[in-house]
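Hello,

Here is the structure we talked about going through together. Please open it and keep it beside you as you read my notes.

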Amino acid sequence: MLEKIMEILRKHPKISDWTVSEVQNESAEFFFVRDKLDMNRRTKTTELDLRVFVEFTENGETYKGDAVAHIGSSHTEEEIRRKIDEAVQSASYVKNKTYELSVPEPDDPKVLNFSAQARDTIGELCDHADEFMDLVFRDRGGRAKINSLEVFAVNGLTHFLCSNGVEASYPSGVLMLEPVTDAIGLHEPVEIFNDVKLKGYEPEKIRSLIERQLEQTEGRALAEAAGRKKNTRVILSGTAVEDLLFIALQQATDRMVYRGQSRAKIGERLFSAKAPQSLNIRMNPQLETSVYARPVDAEGKILQPYALYEDGVVKNLRTQTRFSSYLGIPHIGYISTFECEGGDKPLASYKMGDYTEIKTFSDFLANPENGDFGGEFRLAEQVENGKKTYISGGTLSENLFDCQAHMVFSAEREERDYSLAPSAIIFDGVDLK
């Protein structure tokens with residue numbers, strides 16, 4: 001299929017550039033009800049996303065439009081040609097000012113082959129099946145239990161090609177767990193759904209995931225309605241930490257800067273020099289802990305790590321070829337995986353007095369344009385005068401640019417979907433509603 005697509009692309013008179021991403025997946029899927037296997041299945045799929053670029057002139061202006069065609073392994077040659085022609089037609093209506101795709105540096109390897117590093121996630125899980133069952137379903141006491149669990153072990157390989165000559169082959173396998181936990185609450189039954197993506201069978205992470213979710217489920221079951229709190233210490237943990245840091249990432253993105261939606265300027269501060277917490281973020285396309293690590297971006301740029309912020313100063317922008325061209329800056333690559341430096345003190349030192357640690361939100365919102373973040377929290381741990389209680393239903397509402405004077409990071413860092421970043425962010429003098 002790939003060879004036929006390449007032949008069509010090279011001969012098509014209207015296509016100026018293209019990228020092809022072919023993903024081959026073999027998956028083993030297991031569905032548990034409580035600790036009993038209810039269903040399992042194995043699948044193999046090959047899917048391909050083709051992005052075509054078309055240059056055209058209208059009223060004396062030159063434009064470069066693009067569109068994507070999704071092609072499956074069952075499509076015939078006639079269907080493939082029709083899909084490509086439809087994508088070309090769609091791209092011809094996209095009036096983006098013209099720009100050039102990334103050109104490899106002279107010393108860049110044009111062929112990147114990481115397929116030998118692929119992990120056999122399915123084999124790892126099957127080889128440790130008994131240990132896995134004990135890690136997940138062992139009786140830990142307490143009122144919270146595993147209601148159901150879905151497991152997806154995927155051995156994946158992505159093959160990327162670009163008209164600029166770059167070709168990359170890299171593993172895209174993953175072990176996905178989707179546990180549902182439940183408990184009988186003080187006021188009503190509680191059920192929590194979660195999902196996590198691991199790079200392979202990692203028993204310690206699996207144990208930690210299950211125990212954390214059971215603890216949060218029991219906390220929800222025991223939680224009382226939150227009341228208003230003024231001028232209090234708030235500790236933000238869980239996935240909201242990464243969501244909040246993405247405001248800083250988006251601010252330092254060429255698209256946001258070009259559209260006037262960002263305050264970021266290369267060489268200038270986004271975080272005040274007077275803030276107690278310095279912001280240091282490094283984009284790392286080879287982040288070993290993330291399933292989203294990639295050697296090449298969607299437009300064929302071979303990726304290398306680079307500093308995004310150093311001591312609160314914008315050092316670089318995350319770039320795409322189109323917007324970096326419009327801004328007249330080098331295209332260094334669009335990376336989503338990153339490392340953020342922690343603070344000076346361990347998290348325990350911030351829990352010496354009264355505090356509220358927000359663990360999960362019903363819906364955490366983080367606005368990358370104006371810096372607003374917050375939402376209604378589903379579960380928080382509240383400590384007052386040494387007494388710990390669980391609360392639910394309160395609201396946090398803050399702004400990243402306004403709260404820097406009373407915001408710090410924990411020294412400990414935690415692995416999340418896209419990052420290795422502080423385990424918690426601590427805010428003082430916050431009002432909770």
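**Two loops to start with**

D311 is partly exposed, because its relative accessible area is 44%. This is a predicted model, so please read everything here in that light. D311 sits in the loop between β13 (306-310) and β14 (313-314). Look at its backbone. D311 has a positive phi of about 50°, although it is not a glycine. Most residues other than glycine have a negative phi.

Which other residue has a positive phi although it is not a glycine? N385 does, with a phi of about 55°. Find N385 in the loop between β18 (372-384) and β19 (387-392). N385 counts as exposed, at 75% relative accessibility.

Now go back to the loop between β13 and β14. G312 is found there too. Is G312 buried or exposed? G312 is buried, with a relative accessible area of 1%. The cut-off for buried is under 20%, so G312 falls within it. What does G312 touch, leaving aside its neighbours within four places in sequence? G312 is in contact with E268, R269, L270, F271, S278 and L279. Check Q277 as well. Its C-alpha atom is separated from that of G312 by 8.8 Å, and the two residues are 35 apart along the chain.

**Helix α6**

Next, turn to α6. This helix runs over residues 240-251 and has 12 residues. From its first C-alpha to its last, α6 reaches 17 Å. That is close to the 16 Å expected at 1.5 Å a residue.

How many residues of α6 are buried? The count is 11 of its 12, so the helix is mostly covered. Among the buried residues of α6 are L244, L245, F246, I247 and L249. E242, Q250 and Q251 are on that list as well.

**The cores**

α6 turns up again in the nonpolar cores. The largest nonpolar core has 44 residues. Those with the most contacts inside this core are L236, L244, I281, Y309, I358, F373 and F427. Which element supplies the largest share of this core? α6 does, with 8 residues. Another core, of 27 residues, lies apart from it. F137, V190, L209 and A221 are among the residues of that other core.

Select L244 next. Not counting residues up to four places away in sequence, L244 touches L236, F364, F373, L400, I425 and F427.

**The cavity**

A search of the whole structure for cavities of 30 Å³ or more finds 1. About 50 Å³ of space lies in the largest cavity. What lines it? The lining is made of L244, L245, A248, F271, L279, L400, M407, F409 and I425. By class, this lining has 9 nonpolar residues, no polar and no charged.

Two elements to colour here are α6 and β21 (407-409), as each supplies at least two residues of the lining. α6 gives the most, with 3 residues. Some names here come back from earlier. L244 is in the cavity lining, and L244 is also listed for its contacts in the largest core. F271 and L279 line the cavity, and both are in contact with G312.

**The pockets**

Now for the pockets. The largest pocket has a volume of about 1,000 Å³. It is lined by 33 residues, and the closest to its centre are N194, D195, R212, G238 and T239. Elements that give two or more residues to this lining include α5 (203-222), α6 and β16 (355-361). α5 gives the most, with 7 residues. By class, the lining has 9 nonpolar, 10 polar and 14 charged residues.

The second largest pocket holds about 730 Å³ of space. It is lined by 31 residues. Of these, R294, V296, D297, A298 and E299 lie nearest its centre. The elements that each supply at least two residues are β1 (17-33), β2 (36-58), β3 (61-72), β5 (145-162) and α8 (321-327). β2 provides the largest share, 3 residues. This lining divides into 15 nonpolar, 8 polar and 8 charged residues.

Best wishes

Technical notes. Residues are numbered from 1 along each chain as its sequence is written. This is a predicted model: local features need pLDDT of at least 70, side-chain atom pairs count only at pLDDT 80 or more; totals for chains, interfaces and linings use all residues. Side-chain values use heavy atoms; hydrogens and water are left out. Helices (H or I, at least four residues) and strands (E, at least two) are DSSP runs, numbered from the N terminus. The expected span of a helix is 1.5 Å times one less than its number of residues. Buried means under 20% relative accessible area, exposed over 50%, partly exposed in between (1.4 Å probe, protein chains only). On a 1 Å grid over the protein atoms alone, a cavity is a set of points where a 1.4 Å probe fits but cannot get out, and a pocket is an open set with protein on both sides within 12 Å along at least five of seven lines; lining residues have an atom within 4 Å of a point. Grid points are joined across faces, edges and corners, and a volume is the space filled by probe spheres set on the points. Ala, Val, Leu, Ile, Met, Phe, Trp, Tyr, Cys and Pro count as nonpolar, Asp, Glu, Lys and Arg as charged, and the others, Gly among them, as polar. A nonpolar core is a set of buried Ala, Val, Leu, Ile, Met, Phe, Trp, Tyr and Cys residues joined through side-chain atoms within 4.5 Å. Contact means heavy atoms within 4.5 Å.
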